[in-house]
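Me: Hi! I've just opened a new model and would like to go through it with you. Can we start with a term, then look around?

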Amino acid sequence: MYQRTTSPTEPAPTAGRRRFTRKALLTASALGVVTALLAPVRAGAAPAPAAPTAATPLAANGQLSVCGRQLCNASGQAVALNGMSTHGTQWYAQCVTDGSLNALATDWRADVLRVSTYVQEGGYETDPAGFTARAQKFIDAAHARGMYAVIDWHMLTPGDPNANLARAKTFFTAMAKKYKDHPGVLYEIANEPSGVSWSAIKSYSEQIIPVIRAQDRDAVVLVGTRAWSSFGVSEGSNESEVVNNPVRASNIMYTFHFYAASHREAYLSALDRASDKLPVFVTEFGTQNYAGEGANDFAMSQRYLDLMKRKKISWTNWNYSDDHRSGAVFKTGTCNGSNWTGTGVLKEAGVWIRERIRQ
């Protein structure tokens with residue numbers, strides 16, 4: 001969310017393996033031995049923690065799909081994933097370690113890690129092969145700990161996803177080839193489109209989704225919406241443009257982002273209305289203002305979380321780093337150390353969101 005172009009109504013912010021098959025997982029008991037399920041993944045990933053005594057989210061739920069307006073598990077039951085998003089991996093790769101992911105999986109009890117690969121701002125465009133490998137390393141590490149992974153193509157500036165169409169095709173071809181037999185991925189194809197029409201976003205989506213489907217026929221694809229994934233609210237529109245002209249693809253969800261101290265009743269109402277008609281995944285939110293800065297508004301944040309819990313809307317919070325802003329969960333300097341568990345290493349927002357994930 002940081003360093004994005006703002007809407008006309010907002011002031012500018014101050015800154016910026018080996019695979020195992022889906023079939024094998026889906027036929028295993030949800031309460032089976034997690035180590036046996038995940039061992040092939042661990043063979044090519046970062047070291048994993050000791051096997052937990054209960055099934056992990058990935059082992060318990062298996063391949064996800066969209067059923068109606070809900071995210072559903074392999075048994076067709078509606079599920080809601082709760083977890084965290086990394087910050088840009090060009091800046092905060094040091095915050096995504098064996099220790100931090102062990103903490104996220106076992107201390108925080110998260111279901112999902114969103115791995116954010118920025119396209120510009122010193123990200124993917126500077127080293128496509130390197131940033132692809134980095135994202136895969138973190139995705140593999142999440143899988144090894146029984147968490148799902150959202151593969152976030154973090155396009156931000158320029159706001160038109162079509163500006164990076166060729167790069168997106170290359171990136172998602174590589175990702176879909178690697179994870180085509182793995183049930184633990186969701187593909188987020190455009191982080192926060194802005195200053196561009198819904199029809200342009202729809203056109204982009206209908207070009208990228210077939211690239212993914214050519215390799216991976218089953219995984220859920222997450223489609224960004226207009227005006228920084230606000231269903232158009234930040235640019236004076238609403239969800240009706242998506243409802244009346246949906247992307248022509250199956251097994252997809254639409255993304256919504258909010259920052260509770262800035263995004264008030266109009267945004268909350270849009271999320272409520274949109275999720276009555278469309279499958280929605282909140283892939284990014286914060287308890288602060290739209291730049292991830294300033295005081296936390298936990299009361300407004302809780303209203304969003306209550307709505308999402310009631311409607312079984314999945315979410316990932318921004319962000320799992322020690323950036324100086326109030327929206328980063330760790331105290332500054334934490335990522336240079338080795339202690340990740342408990343609340344002593346967390347800022348106020350980190351303490352609050354950890355407790356909500358643990359619930």
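Reply: Sure! A polar contact here is a pair of N or O atoms within 3.5 Å; within protein, one must be able to donate a hydrogen and the other to accept it, and residues adjacent in sequence count only if both atoms are side-chain atoms. This is a predicted model, where local features need pLDDT of at least 70 and side-chain atom pairs count only at pLDDT 80 or more, while totals for chains, interfaces and linings use all residues. Residues are numbered from 1 along each chain as its sequence is written, and side-chain values use heavy atoms, with hydrogens and water left out.

Me: Great. So what does the side chain of asparagine 317 reach?
Reply: The backbone oxygen of phenylalanine 285, at 3.1 Å.

Me: And where is asparagine 317 found?
Reply: In strand E10, residues 315–318. Helices (H or I, at least four residues) and strands (E, at least two) are DSSP runs, numbered from the N terminus.

Me: Is asparagine 317 buried or exposed?
Reply: Asparagine 317 is buried, at a relative accessible area of 4%. The cut-offs are under 20% relative accessible area for buried, over 50% for exposed, and partly exposed in between, with a 1.4 Å probe and protein chains only.

Me: Which residues is asparagine 317 in contact with, leaving aside neighbours within four places in sequence?
Reply: Gly83, Met84, Ser85, Phe285, Gly286, Val329 and Ile353. Contact means heavy atoms within 4.5 Å.

Me: Zooming out, how many helices and strands are there in the chain?
Reply: The chain has 13 helices and 10 strands. Of its 359 residues, 60% count as buried.

Me: Let's try helix packing. At what angle do H11 and H12 pack?
Reply: About 5 degrees, and the axes are 11 Å apart; H11 covers residues 265–277 and H12 residues 298–310. Axes are lines fitted to C-alpha atoms, for helices over the stretch in contact, and angles run from 0 to 180 degrees between N-to-C directions.

Me: How would you describe H11 and H12, then?
Reply: They are roughly parallel to each other. Angles under 35 degrees count as roughly parallel, over 145 as roughly antiparallel, 65 to 115 as roughly perpendicular and the rest as oblique.

Me: Which residues make that contact?
Reply: H11 brings Glu265, Tyr267, Leu268, Leu271 and Asp272, and H12 brings Met300, Arg303, Tyr304, Leu307, Met308 and Arg310.

Me: New topic: which peptide bond leading to a proline is cis?
Reply: The one from threonine 157 to proline 158, with omega near 10 degrees. Proline 158 sits in the loop between strand E5 (148–154) and helix H7 (165–179). The bond from tryptophan 318 to asparagine 319 is cis too, with omega near 10 degrees, and asparagine 319 is in the loop between E10 and H13.

Me: What about phi of arginine 109?
Reply: Phi there is near 65 degrees, a positive value in a residue other than glycine. Arginine 109 lies in the loop between helix H5 (98–107) and strand E4 (112–118) and counts as partly exposed, at 44% relative accessibility.

Me: And phenylalanine 231, buried or exposed?
Reply: Phenylalanine 231 is buried, with a relative accessible area of 0%. Its phi is positive as well, about 55 degrees, although phenylalanine 231 is not a glycine. You'll find phenylalanine 231 in the loop between helix H9 (226–229) and helix H10 (240–244).
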